[in-house]
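Grab your viewer and work through these exercises with the model loaded. Each one sets a task and then walks through a solution.

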Amino acid sequence: MQTPLTRLLGIRAPILVGPMTAVSEENLVVAAAEAGIVAGLPPHNYESVDAFAAALGRIRARTSGPFAVNLIVNRANVRLPRQLEAALDAKTPIFVASLGDPEEVIRRAHAANAKVICDVSTLAHGERAVRAGADALNAVVAGAGGHAGHITAFALVPSLVDRVKVPVVCAGGVADGRGLAAALMLGASGVQMGTRFIACNECEAARGWKDAIVRATPDDLVLTERLSGVMGSYLKTAELSRMGTAMPLPLALLMRSKRTRGLTQKAMLVLASRKMSEIRKGERALWSAGQSAGLVHDTLPLATIVERVMRECHDVLAKAETLTR
Ligand SMILES: Cc1cc2nc3c(=O)[nH]c(=O)nc-3n(C[C@H](O)[C@H](O)[C@H](O)COP(=O)(O)O)c2cc1C
């Protein structure tokens with residue numbers, strides 16, 4: 001299936017594997033490239049920029065397919081300049097810019113002939129990213145895994161499609177071919193899926209995390225700022241219930257004031273990143289996932305997931321045609 005997104009990125013199916021904190025590693029990125037799609041690698045999953053650069057080198061050695069690097073482009077990411085240099089040195093073909101002003105990354109990436117997809121959760125943010133030169137937009141919608149958006153796919157995707165000329169990707173809520181077909185009907189050129197790919201054989205997330213996704217219904221997800229200071233979607237595990245999803249009063253007060261909110265979020269993000277290796281190993285069940293977890297019923301090889309989603313999507317689109325005849 002070819003869409004403006006597949007043509008832009010040189011991929012065989014309009015599916016991106018979303019970059020995932022504490023989850024995405026080399027095996028997932030290589031498996032995606034070999035399956036004809038593309039996965040994002042977050043440098044913040046590595047202890048140092050050197051370790052991230054070494055990972056990029058190994059990915060390059062294992063596949064000739066495309067890969068993406070996810071850069072957090074806000075001021076809290078003090079490693080951004082070095083991460084960008086490492087990614088450019090590795091001739092990264094695609095960047096995914098999240099959580100801030102992408103201008104510098106777009107300028108540098110374009111100078112190196114790379115493409116930049118910007119994560120956006122509002123129309124204004126999307127229009128700003130396009131003015132800055134974004135090649136495509138990830139519409140981060142309500143119900144997505146990670147730091148979910150607050151606008152539904154039904155509203156955000158077509159609104160962006162009406163306003164911008166670059167491909168729009170529906171990021172969130174999609175785990176099967178029905179979701180992909182629906183996103184295409186809304187005018188998206190593809191989908192970015194995270195949760196579905198946690199439950200794939202090549203993903204190195206802890207077994208408990210994968211099993212919790214396979215068991216989950218959409219009722220088993222909760223939105224909270226408690227873990228990172230930014231609203232995120234998490235599986236309701238026993239550990240999260242013990243910790244509680246409401247902000248403790250002192251933190252809630254600091255988050256409420258405009259003056260202290262930014263600094264508090266920064267501190268919470270730093271504390272959250274310190275728990276990352278325990279979360280990754282499954283020692284702490286503080287696991288993000290999107291509402292699409294309710295649609296994931298098995299752990300499969302990545303290529304099988306891609307084939308199945310594409311087959312389902314074609315079937316749903318053919319069925320829709322007969323329904324309206
Ligand atoms: C565990 C987890 C961690 C995530 N971390 C990041 C991240 O570091 N950077 C980013 O741009 N998106 C991140 N996301 C969002 C995903 O890239 C993707 O857009 C999202 O998972 C799509 O929604 P879905 O989970 O319903 O498929 C994360 C998602 C999950 C589930």
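Helices (H or I, at least four residues) and strands (E, at least two) are DSSP runs, numbered from the N terminus. Residue numbers start from 1 along each chain, following the sequence as written. This is a predicted model, so a cut-off applies: local features need pLDDT of at least 70, side-chain atom pairs count only at pLDDT 80 or more, and totals for chains, interfaces and linings use all residues.

**Exercise 1. Place Ile37 and describe its surroundings.**

Step 1: find the loop. Ile37 sits between α2 and β2.

Step 2: check burial. A residue is buried if 20 or more other C-beta atoms lie within 10 Å of its own, exposed if 12 or fewer, and partly exposed in between, with C-beta atoms placed from the backbone. Ile37 has 28 other C-beta atoms within 10 Å, so it is buried.

Step 3: list the contacts. Two residues are in contact if their C-beta atoms, placed from the backbone, lie within 7 Å. Skipping neighbours within four places in sequence, Ile37 touches Ile11, Arg12, Ala13, Ile15, Leu16, Val17, Ala32 and Val306.

Step 4: pick one partner and get a distance. Ile11 is 26 residues away from Ile37 along the chain, yet their C-alpha atoms are separated by 5.2 Å.

**Exercise 2. Work out how β3 is packed and what it pairs with.**

Step 1: count buried residues. In β3 (residues 68-72), 5 of the 5 residues are buried, so the strand is largely enclosed by the rest of the structure.

Step 2: split the strand by face. Ala68, Asn70 and Ile72 lie on one side, Val69 and Leu71 on the other, and all are buried.

Step 3: go to β2 (residues 38-41). Two strands pair if DSSP finds at least two bridges between them. Here 2 bridges join β2 to β3, and the strands run parallel. Leu41 stands opposite Val69.

Step 4: get the handedness. A crossover is right-handed if, with the strands pointing away from the viewer, the path from the first strand over the helix to the second runs clockwise. β2, α3 (residues 49-62) and β3 form a right-handed β-α-β unit.

Step 5: turn to β4. Its link to β3 is parallel too, with 5 bridges, and Leu71 faces Ala97. The chain gets from β3 to β4 through α4 (residues 80-89), in a right-handed β-α-β crossover.

**Exercise 3. Run the same analysis on β6.**

Step 1: burial. For β6 (residues 136-140), 5 of the 5 residues are buried, so this strand is largely enclosed by the rest of the structure. Ala136, Asn138 and Val140 point one way, while Leu137 and Ala139 point the other.

Step 2: the β5 side. β5 and β6 are parallel and share 4 bridges, with Val120 opposite Ala139. Together with α6 (residues 123-131), they make a right-handed β-α-β unit.

Step 3: the β7 side. Another 4 bridges tie β6 to β7 (residues 168-171), again in parallel, and Ala139 stands opposite Cys170. The crossover from β6 to β7 runs through α7 (residues 153-163) and is right-handed.

**Exercise 4. Compare the settings of Ala22 and Asn113.**

Step 1: the background. Most residues other than glycine have a negative phi.

Step 2: the angles. Ala22 has a positive phi of about 70°, and Asn113 has one of about 65°.

Step 3: the locations. Ala22 is in the loop between β1 (15-17) and α2 (26-34). Asn113 is in the loop between α5 (103-111) and β5 (115-120).

Step 4: burial. Ala22 counts as buried, with 23 C-beta neighbours inside 10 Å, whereas Asn113 has 8 and counts as exposed.

**Exercise 5. Describe the shell around the ligand.**

Step 1: count. A residue is near a molecule or strand if its C-beta atom, placed from the backbone, lies within 6 Å of it. The ligand is surrounded by 26 residues, and the closest are Gly18, Gly145, Gly146, Gly194 and Gly290.

Step 2: assign elements. β4 (94-98), β8 (190-193) and α9 (195-198) each supply at least two shell residues.

**Exercise 6. Summarise the whole chain.**

Step 1: tally the elements. The chain has 15 helices and 10 strands.

Step 2: burial overall. Of the 325 residues, 47% are buried.
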